[in-house]
Amino acid sequence: MKADHPYMQFSLNNWLGDVNGGQTLFRWGNEIQKQVSIQSWNANDLELRDDTPNDTPLGTFGIYYVAAAYSISHHLNTPYRFGIRIQTNYTHLFTESMSGITLDLGALFPLSSFITAGVVFRNIGYEYTNSLRAELPMEIGLGTELKLPFKLSVLTDAIYLSEKGTDIRLGIR
């Protein structure tokens, strides 16, 4: 989506199970669009249980997640739009901590005044924990938008998830 003017957005969320989170985002630039965002969520006072059922928990613990991302997109003097996003993250669960970095790449291709196609490569990167490096499950997506009269669009997506296979989606907007 092309922004005609810079903007900032905030969100504070509270989900079931006392999971709290928030996001702050700042987007700017017309020809070369840029975006910086910070996202976090946490849950505290989760009950720690043993394998044997018992009314009394062994204790409590929390989970924390924070991520910071920067993205940029440009048309590169073509009718298409290309983008890149780099994200760092940190997760802490009970006694384990992980940090990682990911890269997302994408492109939009207007094929006519009423058909647009897109491609995305997500989660190119790694997570690190206790000096071990683990690859993240990569996603590859192809999608189209067919614009119809009365401001309706038919959306199609084929998403390949490296650990789960292919997912096909169809929607109307």
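**Two buried strand residues and an open hairpin**

Let's start with Thr102, which touches Arg85, Ile86, Gln87, Asn123, Ile124, Gly125 and Leu136 once residues up to four places away in sequence are left out. Keep in mind that the model is predicted. Thr102 sits in strand β6, which covers residues 96-110. With a relative accessibility of 6%, Thr102 falls below the 20% cut-off and therefore counts as buried.

Now hop over to Ala67, part of strand β4, residues 59-74. Ala67 has a relative accessibility of 6%, so it counts as buried. Leaving out residues up to four places away in sequence, the residues Ala67 touches are Ser37, Ile38, Gln39, Gln87, Thr88 and Asn89. Gln87 is worth a second look: it turns up in the contacts of Ala67 and in those of Thr102. Ala67 can also be placed relative to Gly100: the two are 33 residues apart in sequence, and their C-alpha atoms are 9.3 Å apart in space.

Further along the chain, have a look at strands β10 (residues 152-161) and β11, which pair in the antiparallel sense over eight bridges. Three residues lie between β10 and β11, and the two strands form a hairpin. For one bridge to find on screen, try Ala158, whose partner in β11 is Ile168.

So is β11 buried or largely in the open? Strand β11 runs over residues 165-172, and of its eight residues the number buried is zero, so the strand lies largely in the open. Ala67, by contrast, counts as buried, and so does Thr102.

Methods
Residues numbered from 1 in each chain as written. Predicted model: local features only at pLDDT ≥ 70, side-chain atom pairs only at ≥ 80, totals over all residues. Heavy atoms only, no water. Helix = DSSP H or I, 4+ residues; strand = E, 2+ residues; numbered from the N terminus. Buried < 20%, exposed > 50% of the residue type's maximum accessible area, 1.4 Å probe, protein only. Contact = heavy atoms within 4.5 Å. Pairing = 2+ DSSP bridges.
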